[in-house]
Amino acid sequence: MDRRTFLNLGGMTFLASAMPKTLFASQTSTPSVLTAEVTHTNILGSGYPGTDVWSFNAGIPGPALRIPLGQRVDVRLDNRLSVPTSVHWHGIRLPNAMDGVAGLTQKAVLPGESFQYGFTPPDAGTFWYHSHLNASEQVDRGLYGPLIISEPNPPKVDRDLVWMIDDWRLLEDGSISDDFGAGHDWSHAGRIGNVPTINGRYGESVRVRSGERLRLRLINAANARTFALDFQDLNPQVIAVDGQPVTPYQPTGPIVIGAAGRVDVILDMIASPESESSVLDTAYRDPFELTRFVYDKEPIRETSLDTPIALDPPTLPEPDLKNAISQDVVIGGGAMGGLRRAMLNGQWMGLREISQQGYVWAINDTVANKLDMPPLIDVPRGTSVKLKIENQTAFPHPMHLHGHHMKLLSVDGSAASDTRWVDSPLLLPEQRMELAFVADNPGDWLFHCHALEHHAAGLGALVRIT
Ligand code: C2O
Ligand code: CU
C-alpha cells in the first residue's frame, strides 16, 4: 500500500515515515471547563512541522468527558478564541436551551465570554461535542471531543478506547489550508482532507496484546469524509450505532461511518504476539492504512474472552407508525444534481442566482440560508413523525436530527432487518430511507447535513415541537 498516494491528494505532498510504535494516551479525569483556545500541536508526527489548531483544553481531540449514566454533565465553555463559538452535544437528547446551536438555541459565546452547560443525558453511549458556529471552519480546525456516557453494566473488556477519526487539509508547512469557502467543496463532497488522523495523530500505531478484548468507540469527526474501516483478519462485532445499542453483529464488509456517525465495536486481538495487522480505510478509490495494531511480546491470555458483549437495549420512545405524520424530505442540488430552481428567502430563484449567494443545496426545493427558517415540521409534543428521505443528488449526506434519535424503518424500500436507532444516518447518492421518531422534546431543532460545507451551503431545515 502506498501511503503517498493518499497524501498527494490536492497536489500536496508529504513523505510518510514508518509508523512509530506509540500507545495512544488515555484520558481519565473529566474536566468541568472546556477552554476554546489556539494551540500548537503535532499532527504529522516528529520530524514534521507542527500545526496551529483551535482546540478544547489544548488537545486534539478535546478531553474525553466520561460521565456515568444518570449523572449530570456540568461544563463551562470559556472562549479564548478571537471568534465567537458554542458547544453542541451531538446525539444527546437534552433540553433545547443546552443544545449549543449559536443563533438558534443560544447566543454565540463571544471572545472572552463563558457559557455554562448543564444537562443529564438520558442514554448511555458514545457521543461527541463540537463547535456549532461556523462549524465547517471551527470543527475542521479542531473544536471537538468525545462525550462518553457509561453504562452501569458495560460488557467486560480489557480496554475501552476512543478513536476520533478525522481528516485534515494540511499544507507542506503543516498549517491548515484556509480555503474554507472553496466553492468546489461546497458543491461537491464537502471538505475532504489529505491527512487522516486518529485522536489528532497521523500514522501512529496502536499497541495491543494477543488475547486482549477491546471496546473501540469510533467517532467520525471529519467535516465530510466517510470512513469505511477494514479490520482485515479481525472480526469486529458491532454493538452500538450512533450511541444506541444494537443486537451485536459481525459486518460483512468494512465498517462504514459517515461524518458525525459513531460505531462501537468489540475487537478480539487474535493474532500472535509480536505480529502486526493493518486497519485500512476503503471508502474511496485509493485505500490507505489508517493505523496498525502492533502486538506485544506477552499475550494477555491464551484464548479470547467469550463473555457476553451485548449492551442493554435502548430505552427510546417507540414511534406510533399508524398515527404518525409523514413528511417527505427530498434532498436536491449540488454539482451534477438535477435542481433547476429553489426557494431562497421565500422567493423562487434559478440555481445560478442561488449559487451566486453561496448556496447550492435544498430540502424540498428550499434553501436553508439561516437557522430560524419557517419549520419543515411543526408538531405538538408527543407526535410520531415519519420521515421519507430521498437523496436526489450525486453525493452522500449524513443527515443529523438534533435532540432525538430516529428508528430506521427501511432503506431503498426494504425493511430494516434489525432494530436500529440513529441520529446521523448516511444517505448514499440516490438512496431512499424511511425513519421515524417521537417528537417528544420541545423546542426548535436543527435537521441538517453533517457534511458541514453542505449545511453551510443550504442543506438544512428546522423541526419545531411545541
Ligand atoms: Cu453534530 Cu448540528 O451537529
Ligand atoms: Cu450533505
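## A walk through the model, starting at R341

Select R341 and W348: the charged end of R341 sits over the ring of W348, 4.1 Å from the ring centre. Bear in mind as you click around that this is a predicted model.

Now widen the selection to the two strands here, β21 (residues 341-344) and β22 (residues 347-350), which run antiparallel and are joined by four bridges. Across from R341, in β22, you'll find G350. Next, pick N345 in the hairpin of β21 and β22: there are two residues between the strands, and N345 takes a positive phi near 55°.

**Another arginine over a ring**

Jump to R141 and show W54 with it. The charged end of R141 sits over the W54 ring, this time 4.8 Å from the centre.

**Aromatic pairs**

While rings are on screen, how many aromatic pairs are there to look for? The count comes to nine aromatic pairs, taking ring centres within 6.5 Å as the cut-off. Try W128 and Y144: their ring centres are 6.4 Å apart and the planes stand at 75°, so this pair is edge-to-face. Colour by strand and you'll see W128 in β7 (residues 125-131) and Y144 in β8 (residues 144-150), so the pair ties together parts that are 16 residues apart in sequence. Are these two residues buried or exposed? Both W128 and Y144 are buried.

For a bigger selection, take F56, W89, F115, Y117, F119 and Y129. Ring pairs link these residues into a cluster.

**The copper site**

Centre the view on the copper ion, ligand 2. Which atoms coordinate the copper ion (ligand 2)? They are ND1 of H397, SG of C449 and ND1 of H454, at 2.0 Å. Along the sequence, the donor residues follow the spacing H-x51-C-x4-H. H397 belongs to strand β26 (residues 397-401) and C449 to strand β32 (residues 443-449), so to speak a long-distance link: the two are 52 residues apart. Switch on a surface and check the accessibility: H397 is buried, with a relative accessible area of 0%, and C449 is buried with a relative accessible area of 0% as well.

**The sheet around those donors**

Stay put and show β26 and β32 as a cartoon. These strands pair in the antiparallel sense over three bridges. On this pairing, select L401, which stands opposite F447 in β32. Then bring in the rest of the open sheet: five strands in the order β24-β33-β32-β26-β30, with mixed pairing. At its edges are β24 (377-379) and β30 (426-427), each pairing on one side only.

**A second five-strand sheet**

For the last stop, display β11, β19, β18, β13 and β16. They form an open sheet of five strands in the order β11-β19-β18-β13-β16, and the pairing is mixed. Why do β11 (206-208) and β16 (255-257) stand at the edges? Each has a single partner strand, so one side of each is left without a neighbour in the sheet. Look along the sheet for the twist, which averages 25° from one strand to the next.

Finish by zooming in on β18 (residues 276-281) and β19 (residues 288-295). Six bridges join these antiparallel strands. One residue to click on is L280, whose bridge partner in β19 is E289.

Methods
Residues numbered from 1 in each chain as written. Chains lettered and ligands numbered in written order. Predicted model: local features only at pLDDT ≥ 70, side-chain atom pairs only at ≥ 80, totals over all residues. Heavy atoms only, no water. Phe/Tyr/Trp six-rings, centres within 6.5 Å; stacked < 30°, edge-to-face > 60°. Buried < 20%, exposed > 50% of the residue type's maximum accessible area, 1.4 Å probe, protein only. Lys NZ or Arg CZ within 6 Å of the ring centre and 35° of its normal. Donors = N, O, S within 2.8 Å, 3.2 Å for Na, K, Ca; no water. Pairing = 2+ DSSP bridges. Axes fitted to C-alpha atoms, helices over the stretch in contact; angles between N-to-C directions.
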